[in-house]
Structure formats: C-alpha cells, structure tokens
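Colleague: Got a minute to walk me through this model? Let's put it on screen first.

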Amino acid sequence: MASHSDTLVVFFGATAGANGGKLGSDEREIILLVWQIVDLHEKKVGKLQRRLIKPDTLELTDQCKEDTGLTTEDLCKAEPLDNVLQQFHQCVSAEVKTLGRSSYTLCVDGPLIIRQALHPEASKKNLVLAECFYSFVDLKKEFHKCCPNAGPVKGLTLSSMLEYVCLPPVVELTAGVREVKSMVQLILHILAEPYNHKFSNFETVNYKFESGACSKTEPVDSETVIRARGLPWQSSDQDIARFFKGLNIAKGGVALCLNAQGRRNGEALVRFINSEHRDMALERHKHHMGSRYIEVYKATGEEFLKIAGGTSNEVAQFLSKENQVIIRMRGLPFTATPQDVLGFLGPESPVTDGTEGLLFVKYPDGRPTGDAFVLFACEEYAQNALKKHKQILGKRYIELFRSTAAEVQQVLNRYMSTPLISTLPPPPMVPVPVLATPPFLATGSTRDCVRLRGLPFTAAIEDILEFMGEHTIDIKPHGVHMVLNQQGRPSGDAFIQMKSADRAFMVAQKCHKKMMKDRYVEVFQCSTEEMSFVLMGGTLNRSGLSPPPCKLPCLSPTAYAAFPAPAMISTEAALYQPPLLATPRTPQPPAHSAAPALAYYSPQPHAAQLYMNMNMNYTAYYPSPPVSPSTVSYFAAPPGPVAAAVAAQAPPPIMPQPGALVRMQGLPYNAGVKDILSFFQGYQLQADSVLVLYNLSGRRSGEALVTFPSEDVARRAVAERSNLPLSGHPIRLACCE
C-alpha cells in the first residue's frame with residue numbers, strides 16, 4: 001500500500017457566515033467545497049473540482065457574500081452536504097486509483113475547515129464521514145518546518161507564505177479556486193530544491209471519546225481546560241464530546257460538576273490534548289446542544305483536578321476495565337444488596353463481571369448513601385438498563401442515567417469527605433447574654449402555620465408557591481421554611497407561616513392531599529411554636545411535640561424565661577451571633593413578652609470564640625437547621641433594643657457555598673430573586689446564588705449579594721453588567737473581597 005505522503009488532496013471550504021480565522025465560530029453551515037489532487041511522487045496535479053452546497057437555512061451574511069461572491073440564488077440549485085461529500089469520495093477515489101495510488105491525505109490551510117466546520121456540522125446532521133476526514137496535514141505547519149523564519153504558525157497566511165518564497169500571488173477571482181491554486185503552488189515549491197520537503201506531520205481527529213480516571217497527582221495544564229455551562233442535566237460525557245466533535249479531548253477529560261445535593265448542575269470541565277484545541281473550543285461559545293446554547297469559558301487545571309481527580313484504589317480498580325458504559329443509580333434502598341441490584345437490572349442488562357461491576361457509594365462509616373455505579377460491556381446493555389428508570393426496587397423508585405468516570409470519582413470524593421454528625425456535644429458555658437427565643441422564630445400557640453408533608457425531594461420554594469395557588473397572598477413575607485435531613489437535603493417537609501389562623505385553616509382544608517408533580521402532599525394546620533421546635537431539630541408527630549435533643553443551655557426551652565430582662569443591655573450583647581436565616585423577613589418579637597428575656601451563665605474566657613464553637617456544634621448536630629436549601633444564609637437582626645448593637649458589630653454573613661461574591665447596589669425596592677436572575681441572564685445562576693439584603697426594619701435595602709462559581713466569572717459579570725438598568729435603575733456592581 002502506498003504511503004499517505006504519496007498523494008495529497010488539497011481541500012478548502014467556506015461557510016454561510018464567518019470565514020478565515022473565525023471559520024466555524026458562528027455555527028453556520030458549509031456552502032462551498034473545492035479540492036485538487038497533488039501526486040507528490042510524480043509532482044503532478046489533478047483536475048480542480050468546485051462544488052456548491054445547499055444549506056438547510058438559505059441565509060448568507062454580508063461578509064460571506066463579500067468573501068465568496070455567492071448569493072442565495074446560486075445555492076438554491078446546489079445539492080445538500082451529504083450528497084456533495086459522497087461525490088467528493090467517489091471522485092477522489094477514482095482519480096487516486098488512476099494514478100496508481102491506494103490512499104490519500106487531505107491538506108488544508110489550517111485545521112478550522114475540518115475541526116470547526118465539517119465535523120461539528122456532520123455530527124449535528126448525523127452524517128457518517130469517510131475515514132479520510134479523520135486525518136490531515138496542515139500546510140501552515142508544514143511550511144513553518146521548511147521556513148521557520150517566516151514567522152509563527154498563527155500569523156501565516158497564503159499570501160504571506162507565497163511572498164516569503166518569492167512566488168507571485170494567484171490571479172483568480174473565483175473564491176475557493178484562488179485558495180486551492182495558491183496551496184498547490186506552495187506545495188510544489190517546497191517539494192523541489194532547495195527544500196525537498198517530506199510531509200510527515202499527520203494530525204488526527206478522534207473517532208470517539210475515551211473515558212478514564214484521573215489521579216489528583218497528575219499534572220493538568222490550565223491552558224487545556226474549559227468550563228461548559230448550561231448543559232442539559234442528563235448529558236453524558238459522550239454528549240459533551242459530541243458537542244466538541246472535531247476537537248480531541250484527553251482521555252477521561254470530561255468531568256460533570258455536581259451541586260451540593262450531589263446532582264448535576266449543568267456544568268462540566270473539559271480537558272483537551274493541547275492549548276490549540278482548547279482555543280478552538282472557546283470559539284464554540286454559545287453554540288447549541290439541541291435547543292440549548294452552551295457557554296464555554298476558560299478554566300484551570302486545579303479546578304479540573306478538584307472535580308475529576310481521585311486517590312481511591314477502589315475507584316481506580318472499578319474504572320480499570322476498558323470500554324465500559326457507566327450507569328449511575330440513585331435512590332437505592334439502604335438495605336439493597338448486589339444481588340438485589342442484579343435482579344432489578346435483569347438478564348437483558350448483564351453487569352460486567354457480575355458483582356465486580358457494581359460500586360456502592362458509602363459514607364466514611366460504611367453507611368450506604370443510596371447511590372451506586374454499574375458497568376456494562378456495550379451500549380445495548382446500557383440502553384436496556386436505562387429503560388428501568390423510575391421502576392420500583394423494594395418500596396423505592398430508582399433513577400438511572402448515564403455517568404462518567406469523572407463523576408464516579410467526584411461522587412466518591414464528596415461522600416468520603418462528608419463529616420460525620422457527632423454525638424451530643426458537651427454543653428459549653430458561655431458568659432454571653434443569649435436571647436431567650438431565636439429572633440427569627442416567634443413563639444406562641446396560635447395555629448397560624450401549616451405543615452406540608454410528602455413534598456417531592458426536587459421541590460423548591462417556587463414549586464410550593466405554585467402549589468399554594470391563590471392562597472399565596474396570605475403567606476407572611478418570606479414565611480416558607482424547608483426542613484432538611486441529616487445530609488442537608490430536602491426531607492419532604494416544609495412549614496409555611498400564614499397571616500392568620502383562619503387562613504392557615506383554609507389552606508389545610510383546600511390543599512390537603514393536592515398533587516404536586518407526581519406526589520400528593522399532606523397539609524396540616526399547626527402553631528408557630530410547633531414549627532419552631534421542628535426547625536430547631538425537634539419532632540412533631542401524633543403523640544405531640546418532642547423538643548430538640550440538644551442540651552445546650554441557650555436552646556433549652558426551660559431557659560426561655562429564666563431571668564427577667566434588665567433595663568439596659570450590656571455591651572456583651574454585641575457578641576451575640578444570631579442564627580442563620582435563609583430568607584430574611586421582618587423580625588417578630590415573642591408573643592409572651594414585649595422585651596426579649598435573657599439567660600445568663602457563669603463567666604469563662606474567650607466568650608465570643610466559645611459561642612462561635614457552640615453555634616458550630618449546634619449546626620453540625622441538628623439535621624434540620626432553619627434554612628432553606630434554595631436560598632443563601634443571612635444574618636437576621638434580633639428584635640427590640642438589641643438590634644442596633646447586633647447590627648453594629650455582627651460578623652459578615654457566612655456563605656454556605658463556595659464561589660465569589662458580587663454586591664449589587666441601586667436595586668428597585670420591589671426587585672426580587674427572579675429579577676436579579678434575569679439581570680444576569682447567560683451566567684446560568686441558580687436561585688440559591690442570590691441573596692436580597694434587608695434593613696433593620698425588615699424592608700429591602702436596595703442591595704443584594706450574588707454568588708458566582710469563580711472569581712473570574714464574578715469579575716467578568718462586574719465588567720459586563722455594571723451600570724446596566726434594571727427596571728430603569730442603573731445597577732452598581734462590585735466584587736466583595
């Protein structure tokens with residue numbers, strides 16, 4: 001068989017949009033292909049071929065019309081891309097055979113026509129490309145090997161290369177023909193004396209993405225990593241690789257990002273084989289995956305290793321099997337055994353190596369999390385398994401979806417680093433005066449609250465408000481409280497504060513056993529006191545109220561009115577750190593006292609630090625702190641005369657999620673979370689990234705804090721969105737240190 005270097009097919013293409021150095025960046029279709037064969041052995045040139053292509057969308061940009069001289073009328077009679085590619089293959093194969101050769105290689109002026117135009121378009125149109133389109137030589141790189149003093153590869157153009165070797169420019173008015181003739185002239189020149197060049201640097205396009213594990217000790221160049229945002233949650237690594245078709249992703253180089261609940265958050269970190277491919281990936285910013293556009297930004301090697309890197313031998317052994325399809329299972333019963341899982345999947349979905357192809361995810365103490373990963377030898381077995389999505393195992397429905405090696409590592413890292421809930425902490429004695437009742441929870445037996453039980457675990461506050469329907473207007477401002485379980489996930493319960501007991505009774509009557517998504521929700525009327533105890537860690541059942549198990553004196557119900565309030569509040573009151581409130585609302589004083597009652601304890605040194613430690617123990621011990629998982633924590637001001645002292649010296653808010661903060665100023669006072677999310681449209685923020693700030697009177701202050709995933713994204717948002725209007729108000733943005 002003849003060598004690939006014996007025959008070159010000089011290949012050129014143009015799109016209906018940007019061409020030249022921006023070819024493929026605007027996701028427009030190919031409308032022109034031109035090619036010509038060069039026999040390197042005989043120094044002969046074949047017949048030049050030019051084909052127009054009819055795109056699905058007959059629309060040309062002005063720049064395209066100027067560069068190519070084509071019009072929509074010219075393309076109306078052309079054939080579609082698949083037909084032209086078939087003609088190309090037949091024509092070239094016949095001509096190569098006539099020359100006595102058996103193979104050939106494409107030669108292009110830069111990789112964009114192959115990597116950024118042809119492969120992505122063929123992928124979207126489900127076209128199968130011939131093998132010849134997976135290997136090519138770049139004339140610019142070959143010329144640079146011959147003439148290294150001609151300048152960097154990125155700066156080379158056909159005209160500059162011709163000028164460097166003293167060749168006259170090609171006089172040709174027809175677009176495409178001019179470029180191909182120039183390339184052929186250059187090739188013949190560097191084949192002759194004194195260069196005698198041999199074409200040897202063959203570039204390849206990966207046929208498919210190879211999954212694999214990544215070690216935390218592996219060096220990852222930051223110039224090869226990007227972050228993709230806005231992905232459909234069910235996207236697999238193969239789907240992401242298909243979005244970047246034409247570019248070579250490193251083995252195991254797709255890492256899907258997870259949120260605090262262990263679910264995919266629509267982002268992924270992708271690692272390419274070199275910086276050239278990374279730069280081309282950045283040009284696909286806002287290209288489409290289905291009907292969704294995907295944002296593409298630079299990322300770092302540290303970010304990639306944080307998500308994909310691992311040290312677990314168990315995971316490495318699990319992922320050591322090559323060419324396996326990985327499926328993730330969620331919601332398994334904690335008592336499920338490997339045999340139960342194999343029986344659930346059935347004989348039509350045989351697991352690779354039986355129980356060896358199962359990896360159960362556990363906490364550090366060995367407790368099951370309900371997650372597992374399964375290996376299948378082929379796509380057919382995996383598809384059969386995916387048909388079991390939401391079928392029942394035991395008494396629970398099981399979620400199944402495609403996964404990746406990086407996700408396996410990330411999930412194991414997340415759960416293995418989860419701190420265990422400690423045993424009952426010893427009661428520290430703190431000399432700080434502590435408010436008898438947490439300022440964000442009023443006490444009293446008035447049954448002006450409702451409890452929702454049996455919510456879908458994916459339900460957010462917006463779903464609850466939709467469920468309440470017309471009764472939403474009777475909810476107190478920011479009166480929706482989600483109850484979390486020991487893992488910090490929604491427990492299926494929520495409490496809602498209504499404006500009156502009558503309104504609460506009406507909601508319980510109208511909404512009880514009403515459907516939310518695919519589940520019916522129970523709605524019960526309850527008192528503020530009952531709600532407060534549950535949010536503080538107690539339980540509410542048919543037998544009545546069980547107080548929180550914690551024995552911290554400051555939280556003991558018996559200490560609530562232990563001592564009368566003094567006339568003056570001592571300066572130590574400023575050391576009081578109020579508990580965290582998810583969505584701040586107007587503080588309500590205790591129903592039984594006009595002034596907050598205080599409890600005092602014997603003195604010890606370092607009062608403030610001890611109280612901080614005490615509060616941390618409380619947070620770690622109670623599985624259901626009074627915070628909503630869909631909002632950011634905020635310090636609420638204590639009621640009454642303590643408010644000013646607390647506000648003056650309270651520490652800055654503790655943000656429950658990593659990222660970079662941006663402060664918004666100048667907001668309209670009626671602006672809410674949805675308005676702020678719309679203002680930052682395109683940054684794919686979630687509701688829990690936004691915190692609207694309130695003043696001491698409980699009203700919106702015109703400011704908000706927004707958490708971005710990284711400092712770079714935060715700075716870009718400040719640069720792009722500063723002083724833009726929101727409802728007619730110019731918004732001032734600043735990064736928080």
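Modeller: A definition to begin with: accessible areas come from the Shrake-Rupley method with a 1.4 Å probe, and for residues only the protein chains shown count as cover. This is a predicted model, where local features need pLDDT of at least 70, side-chain atom pairs count only at pLDDT 80 or more, and totals for chains, interfaces and linings use all residues. Residues are numbered from 1 along each chain as its sequence is written, and side-chain values use heavy atoms, leaving out hydrogens and water.

Colleague: Fine. How much surface does the protein expose?

Modeller: About 34400 Å². Carbon and sulfur atoms supply 54% of that.

Colleague: And what share of the residues is buried?

Modeller: 50% of the 737 residues. Buried means under 20% relative accessible area, exposed over 50%, partly exposed in between, with a 1.4 Å probe and protein chains only.

Colleague: Secondary structure? How many helices and strands?

Modeller: 21 helices and 36 strands. These are DSSP runs numbered from the N terminus: helices are H or I with at least four residues, strands are E with at least two.

Colleague: Switching to the inside. Which residues have the most contacts within the largest nonpolar core?

Modeller: Phe11, Phe88, Ile114, Phe133 and Phe244, in a core of 49 residues. It draws at least three residues from each of domain 1 (7-204) and domain 2 (214-310); the bounds come from an automatic or database domain assignment. A nonpolar core here is a set of buried Ala, Val, Leu, Ile, Met, Phe, Trp, Tyr and Cys residues joined through side-chain atoms within 4.5 Å.

Colleague: What does Phe88 touch?

Modeller: Leaving aside residues up to four places away in sequence, Phe88 touches Val9, Phe11, Trp35, Leu106, Cys132 and Phe133. Contact means heavy atoms within 4.5 Å.

Colleague: Trp35 pairs with something too, right? Which residue in E4 is its bridge partner?

Modeller: Gln49. Strand E2 (residues 30-39) pairs with E4 (residues 49-52) in the antiparallel sense over four bridges. Two strands pair if DSSP finds at least two bridges between them.

Colleague: What else does E2 pair with?

Modeller: Nine bridges join E2 to E1 (residues 7-15), also antiparallel. Thr15 has Ile30 as its partner there. E3 (residues 44-45) pairs antiparallel with E2 over two bridges, and Val38 partners Val45.

Colleague: What about the turn between E2 and E3?

Modeller: The two form a hairpin with four residues between them. Lys43 in the turn has a positive phi of about 55 degrees.

Colleague: Is E2 mostly covered or exposed?

Modeller: Mostly covered: 10 of its 10 residues are buried.
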